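Work through the exercises below with the model open. Try each task before reading its solution.

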Amino acid sequence: VSPRATRVPHPGRLSFPRMDPTFRRFSLFYLCYYAALGAYTPYMTRWVESLGHGSFVAGSIWGLWYASRIVGPPVWTAATHRSTRQGRWFVAGAVLMVVLFGGFAFARSAWALLAVMACWGLVYNALMPTADSLSATLFIELPRDADAYQELRQLVGLDEHVVLHIG
């Protein structure tokens, strides 16, 4: 065994194993996805009510959120599976998600808020299944060790834990 392989890390430093850049990209996406969800979820109702809307509008917005979780993924999947460039759809969806979320900054009327939620929710809720599909495909098709996909899912679990318990 070489001395380099048995070196003990410095006690004051964090030591992380070298990670494949693909792991970092997917892990960063999952972290941002759950961070946005964790930042958005507890405050949306209060924000809508601070705009002068009642609980009916806030409840309708949440209803659209859950409806988009049912409708969004199958519609997005039908569109992306026809393409040979699913990664580009994913990146375009991520950019579109950020742009649509910016619509909340300008929407003040109930109808505008509902329209932004309908559009943003469709894209946002469709991206996670797309990310899971792409990551599973990538790690199954590329010649990597058998535990690569499991490592990615563990990183996602760590991201979720950090966002939900610390964020």
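The exercises cover the core, the aromatic pairs and a surface patch.

This is a predicted model: local features need pLDDT of at least 70, side-chain atom pairs count only at pLDDT 80 or more, and totals for chains, interfaces and linings use all residues. Residues are numbered from 1 along each chain as its sequence is written, and side-chain values use heavy atoms, leaving out hydrogens and water.

**Exercise 1. The core**

Task: find which members of the largest nonpolar core touch the most other members, and which helix gives the most to this core.

Solution.
- Start with the term. A nonpolar core is a set of buried Ala, Val, Leu, Ile, Met, Phe, Trp, Tyr and Cys residues joined through side-chain atoms within 4.5 Å. Buried means under 20% relative accessible area, exposed over 50%, partly exposed in between (1.4 Å probe, protein chains only).
- The largest core has 31 residues; Phe29, Met44, Ile61, Met117 and Trp120 touch the most other members.
- Helices H1 (21-40), H2 (44-50), H3 (55-80), H4 (86-106) and H5 (110-141) each supply at least two residues of this core. Helices are DSSP runs (H or I, at least four residues), numbered from the N terminus.
- H5 gives the most, with 13 residues.
- Now take Ile61. Leaving out residues up to four places away in sequence, Ile61 touches Met44, Val48, Leu113, Leu114 and Met117. Contact means heavy atoms within 4.5 Å.

**Exercise 2. Two aromatic pairs**

Task: classify the pairs Trp47 with Phe104 and Phe101 with Trp120.

Solution.
- Rings of Phe, Tyr and Trp (its six-membered ring) pair if their centres lie within 6.5 Å; planes under 30 degrees apart count as stacked, over 60 as edge-to-face and the rest as tilted.
- The structure holds 14 aromatic pairs.
- Trp47 and Phe104 lie 6.2 Å centre to centre, with 85 degrees between the planes: edge-to-face. This pair links H2 to H4, 57 residues apart.
- Trp47 is partly exposed at 26% relative accessible area; Phe104 is buried at 5%.
- Phe101 and Trp120 lie 5.2 Å centre to centre, with 50 degrees between the planes: tilted. Here H4 is linked to H5, 19 residues apart.
- Phe101 is partly exposed at 39%, whereas Trp120 is buried at 3%.

**Exercise 3. The surface**

Task: which helix supplies the largest share of the nonpolar patch?

Solution.
- Ile70, Val71, Val75 and Leu122 form the patch on the surface, with about 370 Å² of accessible area together.- Patches are made of residues with over 30% relative accessible area and no salt bridge; like charges are joined within 9 Å, nonpolar side chains (Val, Leu, Ile, Met, Phe, Trp, Tyr) within 5 Å. A salt bridge is a side-chain nitrogen of Lys or Arg within 4 Å of a carboxyl oxygen of Asp or Glu. Accessible areas come from the Shrake-Rupley method with a 1.4 Å probe; for residues, only the protein chains shown count as cover.
- H3 supplies the largest share, three residues.
- Val71 lies in H3 and is partly exposed at 43% relative accessibility.
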